[in-house]
Amino acid sequence: MQAPFKALAELCEKLEATTKRLLMIDLVVQFLRSLNAEEIEPAVSMILGRPLPKWSQQTLDVSWATLSEIIKHITNVEWKVFIETFSKTGDIGSATKTVFEESKLKRQTTLFEKSLTITEVRHQLEAIAEAAGCGSREKKERLIEALISAASPLEVKYLVKIFIGEMRTGFHEGLMEQAISKAFQIPLKEVQKASMTLGDIGEVAAIAKKEGRESLLKVGFKVFKPVRLMLAQMANDIAEALKEHGGKTALEYKLDGARIQIHKLSEEVKIFSKRLTDVTASLPEIVEKAKENVRAKEAIFEGEVIAIDNRGYPIPFQHLMRRFKRVHAIEELAEKIPVQLYLFDILYLNGESLIALPYLQRRKILAENSGEIPLTKQIVTDKLEEAEQFLKASVNAGHEGLMAKRIDSPYTPGIRGKHWLKIKPVLEPLDLVIVSAEYGYGRRHDWLSDYYLAARDTETGEYLTVGKTFKGLTDAEIIEMTRRLKELTIKEESRRVVVVPKVVVEVTYNEIQKSPKYKCGMALRFARINRIREDKTPEEADTIQRVREIYEKQFLKKGRYKTS
Ligand code: AMP
């Protein structure tokens, strides 16, 4: 018999109601034992709030705006019911459940309710993710509507949570590892190790159930099967990274390019992108390089490719992406946009996984096996001053900043932790004026939380948008900002308001890109509000001429891509 989705929703409801970890684990253990093999991975993923397996490159790509429209359409309940419950609980899933219950009461009928199974829900989620191309929006909407209409209010609560990826039951991945260990009687250490290698606890659970402990022990890398990437967190500065890494760290140049994984078996080489898709055909010169330089029979490397101009300086990231998207006339583009490879890690060598080895040891093995292929520039230091100099050198060479890597850290696939920390130089912040704003999604539904940032053109007096951000302000500040912007509103169109340019904010960003998105032809990348400049008037804010100056300055160190 196939497990009903209702059972999963009821389990989550019980998890939400308790904070007792042992009880939570036991509830999940019983549930996992009741499932058949095919249901395990979907169930584990969904309990953790993931609609699809972690390794999947697909996303549902459904916003709360779309979802809420569908809910309104199906239930036909006044939306204030949602808002009221949401303000009480702060939980979108619970508020949606109330709306569905209300709808049922009103109509004295059940919505079309049939018993959904876990497997069916997964298939539907896959179909939603797969809807792409022309007409995909409507197709996605139809599929979502069909799925939600077939569900009970409790099921809808958890479907919505899965859609928006906010489970909030307190049952996290670490507890899931314990539940799997208990449910299938496999020592916790072995579950954790397999989870680390595979980077997907859902897959671990499925192997434990289907094939048992023996197979789990053998979980490892296979050449040509891409490994989940280890990811980095942001550090504010070098001092923070040094402290986090116990006073000493390895610093590498952080190159602004594209991460690739190179797999080699005998004479065959394959390359995978950051999203783990096969991009071998787009990068013929990298394939050649690997073949020429790597003597090992079997290996998996990681590195960064950057695009360079004829002086050897890195050119902006957006041009490099054209190399990845191109599927024909590759040679021609390869000539126009040459790329350079720098390796920074090795995960597997001649049948042995290297990920449990400490960073310094992996780096040594990498150097021994990469032939003439350059490695990312690196120093190991415990001196702040030396580190600051290294950061300067990286930026002066046209790179993005540094990556600090804990010297004794293993490679942890799929995990964004503090073993790797990104350090970017602070670019001079800009004081910009908010010219319009949009209401947010989810929790921020009633707040003007997305801001369009503009700089004044001194020649015309016009405020020209240079970026948009929802980052940087606290909830309290957003609420206050919403109040202020509503008072300044000139016109309102759907969920966007145009305001009198009055509020000045200090904005940090990563770089200024050339962009057709805005009239001024430039756009800030990774903009974030640092603080509200109560002390500045819009006339005192930065001008578009100043933005252009900073934009141009980037090219003194960076290469420039010529379109001619
Ligand atoms: P971010 O994309 O800002 O989260 O930064 C992480 C990315 O930096 C990685 O996924 C790599 O593509 C890139 N990167 C550049 N240089 C390095 C390096 N030396 N070590 C690791 N990642 C690097």
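Which residue in β15 does Glu 438 stand opposite? Before selecting anything, note that this is a predicted model, in which local features need pLDDT of at least 70 and side-chain atom pairs count only at pLDDT 80 or more, while totals for chains, interfaces and linings use all residues. Residues are numbered from 1 along each chain as its sequence is written, and side-chain values use heavy atoms, with hydrogens and water left out.

Begin by selecting residues 430–439, which form strand β11, a strand being a DSSP run of E with at least two residues, numbered from the N terminus. Ten of the ten residues in β11 are buried, meaning under 20% relative accessible area with a 1.4 Å probe and protein chains only.

Next add residues 496–499, strand β15, which pairs with β11 in the antiparallel sense over three bridges; two strands pair if DSSP finds at least two bridges between them. Here Glu 438 stands opposite Arg 496.

Now add β16, residues 504–508, whose antiparallel pairing with β11 has four bridges, and look for Val 505 as the bridge partner of Leu 432. Then select residues 448–456, strand β12, which pairs with β11 over six bridges, also in the antiparallel sense, and find Ile 434 opposite Leu 453.

Finally, move to the largest cavity, whose lining includes Thr 197, Phe 221, Lys 225 and Arg 228; a cavity is a set of points on a 1 Å grid over the protein atoms alone where a 1.4 Å probe fits but cannot get out, and lining residues have an atom within 4 Å of a point.

Definitions and conventions. Buried means under 20% relative accessible area, exposed over 50%, partly exposed in between (1.4 Å probe, protein chains only). On a 1 Å grid over the protein atoms alone, a cavity is a set of points where a 1.4 Å probe fits but cannot get out, and a pocket is an open set with protein on both sides within 12 Å along at least five of seven lines; lining residues have an atom within 4 Å of a point.
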